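User: Could you take a close look at one part of this model for me? I'd like to understand the six-stranded sheet and what surrounds it.

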Amino acid sequence: MIDFKGVHKTYPGAEPLHVLKGIDLHIDESELVSIMGASGSGKSTILNIMGIIDSYDEGEYHLAGHLIKGQSRMEQSRLRNELIGFIFQRYNLISFKNAMENVALPLYYRGVGQKERNSIAMNYLERVGLASHWDHLPSQLSGGQQQRVAIARALAMHPKIILADEPTGALDSTTTQDVMNLLKDVNKNEKLTMVIVTHELSIAEQTQRRIRLSDGRIIDDIRI
Amino acid sequence: MFNRDFWTEIWHTISQQKTRSLLTAFGVFWGTFMLVGVVGAFSGLNHGFMGLFSTTDYETLLFSPKLTTLPYHGMSNSRMWSIYYDDLEVIEKKFSRNVRQTGGISLINGDKRLVADNGKTGFAKVQCVMPSYFLPIPLEMRYGRFINDIDMMHKRRICVIGVNVASRLYGENVNPCGKQLRVGQFSYTVAGVIHKTNKVVEVVENEDELVLVPYTTGNAVYELEGKFDVAYALMDITPDLAGDEDKLLDFVREMHNVSPDDEHAIEVVSMQGYVQQWGVVFVGVNVLTWVVGAGMLIAGILGIFNIMLISIRERRQELGIRLSLGSNPRGIVLQVVCESLILTVSAGFAGMAAGLGVVTFLRRMVESGFDGDGFLGIPQIPFGITIGALLLMIVGGALAGFVPARKVVEQEVVDLLSKQE
């Protein structure tokens, strides 16, 4: 599903920052993978490249058989919409849309009609326990609730891959476990590939495969 | 094909971001409103002036004798000379090919006491004029008639009074024709009431405040010795007759032994010169109108660019989220452009409507005659230019959305999501 071969990434600047130094990584369908590492180790950069929201300089990245380098932005958008669901640490919900509209938004970009996408959005909100909060704006929801809306939004697209960047980073411990249970449940029932970037060992310990990064290189790749 | 979802999404974004949308719309509204309002209001002023100085195919030359400043033909300087009633016939003969009409005016010194037959009294100046007086002076008859050739021939004791004199003596909207009016020691029958239609042109006195009597009558009763204070000649101004005005003035000087080089010995007012002078004012008003209007338009367009730039900058993260969820860059640009277009078109039309409202209001005010002096004409909207300006605003609005949106979508999505630029 995800295939990195010798991927390098350097951020330009007065002092260019070589963040990824030749990453070789293969992730299969339905895998639940965590990527750990210290700040600046390159873990979020890997996730962003996986999600085609950032570019890479050298090497090859194949997503579901598609070589990403050289693809047009239009094609990249289509792949993102069809294959990937994002869960961000800061939720990234649109502030002026209510919970249902946020969940339905990716379906709009897929061309699903309004009635159908609202119905799908309500189903997923129900699944994350927020059906009664469908008309709440993000500012009217707690951090945990916002993250659950973000998860519902990611799931509503029926993606092949869920990419979660510190999904529990802004949550308290009880909510963290609720969110993790939800993600594990989705991985198990929907057979989705799930990559979670985290710096918390307790989160990584709940995944089947743990990858550790240091200074832009994979130093550990353990399957449980 | 109409995509309801697309427009619903756009409307949702606009309506949910009221402050941002209102700020964007206000710039456009103000630009078109001011353009239409300012151009319309100035057009009224312009039409008013143009109406006062409508161009004619003849020149009205008014000339009056003054003290000479140069000795000539044995005559010393500082000599007062006169233009006489009999001179007019000589001038008409000499310049018969292009002088249509001549005439003269004499103002009787001092205010005369007026006594109406209803017992009311007042004071006014008396001016002795000829039937052609109507030609150089923009007047209209309120009641009765003006002085005619028969009055002149028979030295009739009739008078024509200014509208203000009539109001004071007989009351507003009362026709005093046929009534007796005592002016100083002499009695006259009121033959008509005049109103001056152009307050800018003033040859001797404001006619609304005068009592006008036939020149021949005045000459007899006030012992004018056939002299005029001001004489006038109406001349054709075809190109082949150019320069005849100067020849006429030289001829008048020659008739009265005034040096042809004595510019100060004869005071000349040229109505065409007046029109030309005011023409400069019209040009100035026009230039000012367009400078102000174009300034407003440019300010409006710059306002849209500015607000859209800020708006897109504020929306970086939102656009990043949309891109991360699978919106394609072209769709994002199209959405932003459509949002901008909806705001500019609706605000542009609203501004235009408000501007038209103001101009219509002004039009009604002018038509109702609130402007007694008639300086304001009917304001009009140069429709083509207004539509052009609106189109320019719309194009500006579309570009204002397109340029920053395109710049944004060319960036990596992750950079947009990071909130910082």
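Analyst: Happy to help; here is a walk through that sheet in chain A, followed by its surroundings and a few features of chain B. Please keep in mind that this is a predicted model.

Let's start with the layout. The sheet in chain A is open and has six strands, in the order E6-E7-E8-E3-E9-E10, with mixed pairing. Its edges are strand E6, residues 84–87, and strand E10, residues 217–223, and each of these pairs on one side only. On average, neighbouring strands are turned by 15° against each other, direction ignored.

Now to the edge formed by E6(A). This strand pairs with E7(A) in the parallel sense, over four bridges. One pair you can pick out on screen is A:Ile84, whose bridge partner in E7(A) is A:Ile161. Although E6(A) is an edge strand, both of its faces are covered. A:Ile84 and A:Phe86 lie on one side and A:Gly85 and A:Ile87 on the other, and all four are buried.

Look for helix H5 of chain A here too. This helix, residues 143–156, lies across E6 and strand E7 (161–165), and it runs at about 175° to E6(A).

At the other edge, the pairing has the opposite sense. Strand E9 of chain A, residues 209–214, is joined to E10(A) by six bridges, and these two strands run antiparallel. Within that pair, A:Arg212 has A:Asp220 of E10(A) as its bridge partner.

From strand E3 you can follow the chain out of the sheet. The loop between strand E3 (32–37) and helix H1 (43–50) of chain A holds A:Ser39. Is A:Ser39 buried or exposed? A:Ser39 has 7 other C-beta atoms within 10 Å, and because a residue counts as exposed at 12 or fewer, A:Ser39 is exposed. The C-alpha atom of A:Ser39 is separated by 8.2 Å from that of A:His199, a residue 160 places away along the chain.

Next, the packing. The largest nonpolar core has 112 residues, and A:Val103 and A:Val195 are the ones that touch the most other members. Helix H10 of chain B, residues 329–367, gives the most to this core, with 10 residues. Setting aside neighbours within four places in sequence, A:Val103 is in contact with A:Ala121, A:Tyr124, A:Leu125, A:Val149, A:Ala152, A:Arg153 and A:Ala156. Three of these names, A:Val149, A:Ala152 and A:Ala156, bring us back to H5(A), the helix of residues 143–156 that lies across E6 and E7. As background, nonpolar side chains tend to be buried together in soluble globular proteins. There is also a second, separate core of 49 residues, including B:Leu62, B:Ile137, B:Ile158 and B:Tyr215.

Chain A has another sheet worth finding. It is an open sheet of four strands in the order E2-E1-E4-E5, with antiparallel pairing. Strand E2 (17–27) and strand E5 (66–67) stand at its edges with a single partner strand each, so one side of each has no neighbour in the sheet. Inside it, strand E1 (residues 2–11) and strand E4 (residues 58–63) of chain A pair over five bridges in the antiparallel sense. A:Lys5 has A:Glu60 of E4(A) as its bridge partner.

What about the contact between the chains? Chain A and chain B contribute 19 residues each. On the chain A side, helix H2 (73–83) and helix H3 (99–109) each supply at least two residues, and H2(A) gives the most, with five. The chain A side divides into nine nonpolar, six polar and four charged residues.

Finally, chain B offers a hairpin to set beside these sheets. Strand E4 (residues 112–116) and strand E5 (residues 121–129) of chain B run antiparallel and are joined by four bridges, with B:Val115 standing opposite B:Thr121. Four residues lie between the two strands, and B:Gly119 in the turn has a positive phi of about 95°. E4(B) also pairs with strand E8 (residues 180–183) of chain B, in the antiparallel sense over three bridges, and there B:Leu114 stands opposite B:Val183.

How values were computed
Residues are numbered from 1 along each chain as its sequence is written. Chains are lettered from A and ligands numbered from 1 in the order in which they are written. This is a predicted model: local features need pLDDT of at least 70, side-chain atom pairs count only at pLDDT 80 or more; totals for chains, interfaces and linings use all residues. Two strands pair if DSSP finds at least two bridges between them. Axes are lines fitted to C-alpha atoms, for helices over the stretch in contact, and angles run from 0 to 180 degrees between N-to-C directions. Two residues are in contact if their C-beta atoms, placed from the backbone, lie within 7 Å. Ala, Val, Leu, Ile, Met, Phe, Trp, Tyr, Cys and Pro count as nonpolar, Asp, Glu, Lys and Arg as charged, and the others, Gly among them, as polar. A residue is buried if 20 or more other C-beta atoms lie within 10 Å of its own, exposed if 12 or fewer, and partly exposed in between; C-beta atoms are placed from the backbone. A nonpolar core is a set of buried Ala, Val, Leu, Ile, Met, Phe, Trp, Tyr and Cys residues joined through C-beta atoms within 7 Å.
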